[in-house]
Amino acid sequence: MMHYSEQEWMKYVKNELAKDVREEFEHHLYSCDQCLDTYLLAVEAEEALLPKISNEVDFTDLVMTQITKTKVEKHKAEEKKKRFYHSSIFHYSIAAAMTILLMTTGVFQSITQYAENVQSPSFQGKNPSMTEGLVNKTFAWMDTFSMNMKEDK
Ligand SMILES: [Zn+2]
């Protein structure tokens, strides 16, 4: 499988790619864990490069101040806001959602371990299989979800 470099993912995060290239990147991201990691690194790097708008309170104040000025300036502020949502917040949300997904899987794993430690001998084999079933169902759902995403395109 062909992979994209962190620099290429930086371009994706910064929205510097043509629409069709962007879509190729997105398709690849659905099916590639390696590039998902690289992409998350690129998002983190991009966040670090944007100290001015990483502070949401300051950014909101800035936008609000501009909105109270003339209509032309208000329009500019809204454009800035749109670009901001297009880049930073949007990608950060995806990164956060991925983190939650990974954490959830981690939680399932610790439940399995917990069940193994505390269960009485008569229940041995029953609880872990229930938990494994839950984990498998979650993975099956995630597979279905990513397949649907592919079919939509
Ligand atoms: Zn890849």
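**Notebook: salt bridges, zinc site, aromatic cluster**

I searched the whole structure for salt bridges and got 2. The model is predicted, and I kept that in mind throughout.

**Salt bridges in H2**

I looked up Lys-19 first. Lys-19 forms a salt bridge with Glu-23, and the closest N and O atoms are 3.1 Å apart. Both residues belong to helix H2, residues 19-31; they are 4 residues apart, so about one helical turn separates them. I noted the general rule here: an α-helix has 3.6 residues a turn, so residues three or four places apart point the same way.

Next I checked accessibility. Lys-19 counts as exposed because its relative accessibility is 63%. Glu-23 has a relative accessible area of 32%, so I entered Glu-23 as partly exposed.

Then I turned to Arg-22. The side chain of Arg-22 meets that of Glu-26 in a salt bridge, 3.9 Å from N to O. I set that against the cut-off, which is 4 Å. Arg-22 and Glu-26 are also 4 residues apart in helix H2, so again about one helical turn lies between them.

Is Arg-22 buried or exposed? Arg-22 is at 11% relative accessibility and therefore counts as buried. Glu-26 is buried too, with a relative accessible area of 16%. The limit for buried is under 20%.

Arg-22 has a further contact. Its charged end sits over the ring of Tyr-12, 4.5 Å from the ring centre. That took me to the rings.

**Aromatic pairs**

I counted 7 aromatic pairs. Tyr-4 and Trp-9 have ring centres 5.6 Å apart and planes at 85°, so I logged this pair as edge-to-face. Tyr-4 and Trp-9 are both buried.

I followed Trp-9 onward to Tyr-39. Their ring centres are 5.7 Å apart and the planes stand at 65°, so this pair is edge-to-face. This pair links distant parts of the chain: Trp-9 lies in helix H1 (residues 6-13), Tyr-39 in helix H3, and they are 30 residues apart. Tyr-39 is buried, as is Trp-9.

Which residues do the ring pairs link into a cluster? I listed Tyr-4, Trp-9, Tyr-12, Phe-25 and Tyr-39. Tyr-12 is thus in the cluster and also under the charged end of Arg-22.

**Zinc site**

Which protein atoms are donors of the zinc ion? I found ND1 of His-3, NE2 of His-28, SG of Cys-32 and SG of Cys-35. These donors lie 2.0 to 2.3 Å from the zinc ion.

I checked the geometry next. The 4 donor atoms subtend angles of 95 to 127° around the zinc ion, so the arrangement is tetrahedral. The rule asks that all angles lie between 85 and 135 degrees.

I wrote down the spacing of the donor residues in sequence as H-x24-H-x3-C-x2-C. Cys-32 and Cys-35 are both buried.

**Helix H3**

Cys-35 led me into H3, where it is one of the buried residues. The others I noted as buried there are Leu-36, Thr-38, Tyr-39, Leu-40, Ala-42, Val-43 and Glu-46. H3 runs over residues 33-49 and has 17 residues. I took its span from first C-alpha to last: 24 Å, close to the 24 Å expected at 1.5 Å a residue.

**Whole chain**

Last, I looked at the overall layout. The chain has 7 helices and 0 strands. Its pattern along the sequence reads α-α-α-α-α-α-α. Of the 153 residues, 24% count as buried.

Note on methods
Residues are numbered from 1 along each chain as its sequence is written. This is a predicted model: local features need pLDDT of at least 70, side-chain atom pairs count only at pLDDT 80 or more; totals for chains, interfaces and linings use all residues. Side-chain values use heavy atoms; hydrogens and water are left out. Helices (H or I, at least four residues) and strands (E, at least two) are DSSP runs, numbered from the N terminus. The expected span of a helix is 1.5 Å times one less than its number of residues. Buried means under 20% relative accessible area, exposed over 50%, partly exposed in between (1.4 Å probe, protein chains only). Donors are N, O and S atoms within 2.8 Å of the metal (3.2 Å for Na, K and Ca); water is not among the atoms, so sites may look incomplete. Four donors count as tetrahedral if all angles lie between 85 and 135 degrees; four count as square planar and six as octahedral if opposite donors are over 155 degrees apart and all others between 65 and 115; anything else is irregular. Rings of Phe, Tyr and Trp (its six-membered ring) pair if their centres lie within 6.5 Å; planes under 30 degrees apart count as stacked, over 60 as edge-to-face and the rest as tilted. A charge sits over a ring if NZ of Lys or CZ of Arg is within 6 Å of the ring centre and within 35 degrees of the ring normal.
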